[in-house]
Amino acid sequence: MRISELLKTGRPSFSFEFFPPKTDEDAAQLMKTAESLRALEPAYVSVTWGAGGSTRRKTLDLVADIKSKLGVETMAHLTCVGASRSEIDAVLKEIADRGIENVLALRGDPPKGRTDFVPHPDGFKHADELVARIRTGWNFCVAVAGYPEGHPEATSRSADLENLKRKVSAGADFVVTQLFFDNAAYFDFVERVRNIGVSVPILPGLMPVTNIAQLERFTTMCGARIPPALSRALDPVRNDPEGVVRAGIEYGVTQAAGLLAGGAPGIHFYTLNRSRSAAEILRRLPR
Ligand code: FAD
């Protein structure tokens, strides 16, 4: 089913994001994790696309298997990194042939050690071009990425918002946001996006904190702020790994409940392939 149709029902959409594990054994384990999460009735599960298409086989196998074997709706991520137009077309054909109806259309990150994105000579420079390509011949529901605290390469916040508008004008059906920890950033972002005439649903991305070093690494990479309330929650448990997980769950419950109470259409959980925190947060939300 197209996720855009699920979003029209008005019921909050809860989704989980996985990345394709390296080995077949780990992929089998991930299927078990996905199966355990099925009881929580996720609207969909999404699977990331590795740098330069390195995970193509595993990404497509996982989205196809989770959908066909577990009966859970899925979305394949797809980036423009290192791919020509014809290679992108071939992937889109495979996604369609495997019965996947939802695609998250992304530009992708520059390769490790570089700060600038270099498109394939016959490829796409930005995600809006990928969305436009998808709209020329495919019938997918298309999602795009949004950045409540601005994309790190954006020349300004307003330019970033105009670029998001370009992706929606090219045909995107909904937006999934980068992770953030301050709900004010999300609500301010939604208001600014609405003010420039973009009306598609904007699903907030939430990453349960499970490890402080990882939190610091991710926030530095994507430019998300660690608000004082999160620092205060983590300070007393800095040297207690289980305490960090528990504090992350408590913070996640408060953050998710605040987002839903403020009108967010659901929550997209960045699980990092671990189900415990996302599942616990979801169980404690009003549904
Ligand atoms: P774009 O929308 O192209 O934006 C990139 C930058 O260019 C922004 O600064 C934007 O303001 C600017 N820009 C956009 N359009 C134009 C234009 N037409 N002209 C000029 N400037 C423009 N990465 C992966 O490799 N694999 C994944 O599976 C993956 N999944 C993700 C899922 C989510 C929900 C999110 C939020 C991110 C994900 N990423 C993933 C990371 C993503 O690839 C990076 O954030 C990347 O740097 C930007 O991708 P984008 O699609 O937002 O790019």
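Which residues of α4 are buried? Keep that in mind as you explore this predicted model.

**Stop one: the helix.** Select residues 85-97, which make up helix α4. From first C-alpha to last, these 13 residues reach 18 Å, close to the 18 Å expected at 1.5 Å a residue.

**Stop two: its buried side.** Now show the side chains of I88, V91, L92, E94 and I95: these are the buried residues of α4. Look down the helix axis and you will find them on the same side of α4, because they cover an arc of only 160° around that axis. As a reminder, an α-helix has 3.6 residues a turn, so residues three or four places apart point the same way.

**Stop three: the cover.** What lies over those buried residues? Add α3 (56-70), β3 (74-79), β4 (102-106) and α5 (127-137) to your selection, since the cover includes these four elements.

**Stop four: past the helix end.** Move along to G99, just after α4, and check its backbone: phi is positive there, at about 85°.

**Stop five: the barrel.** Zoom out and colour the strands. Eight of them form a closed barrel in the order β1-β2-β3-β4-β5-β6-β7-β8, with parallel pairing. From one strand to the next, the twist averages 25°.

For a closer view of one pair, select β2 (residues 44-47) together with β3; three bridges join them in the parallel sense. Pick S46 and you can trace its bridge partner in β3, M75. Finally, bring α4 back into view: the helix packs on the sheet, where it touches β3 and β4. Its direction makes about 175° with that of β3.

Key: Residues are numbered from 1 along each chain as its sequence is written. This is a predicted model: local features need pLDDT of at least 70, side-chain atom pairs count only at pLDDT 80 or more; totals for chains, interfaces and linings use all residues. Side-chain values use heavy atoms; hydrogens and water are left out. Helices (H or I, at least four residues) and strands (E, at least two) are DSSP runs, numbered from the N terminus. The expected span of a helix is 1.5 Å times one less than its number of residues. Buried means under 20% relative accessible area, exposed over 50%, partly exposed in between (1.4 Å probe, protein chains only). The arc is that of the directions from the helix axis to the C-beta atoms. Contact means heavy atoms within 4.5 Å. Two strands pair if DSSP finds at least two bridges between them. Axes are lines fitted to C-alpha atoms, for helices over the stretch in contact, and angles run from 0 to 180 degrees between N-to-C directions.
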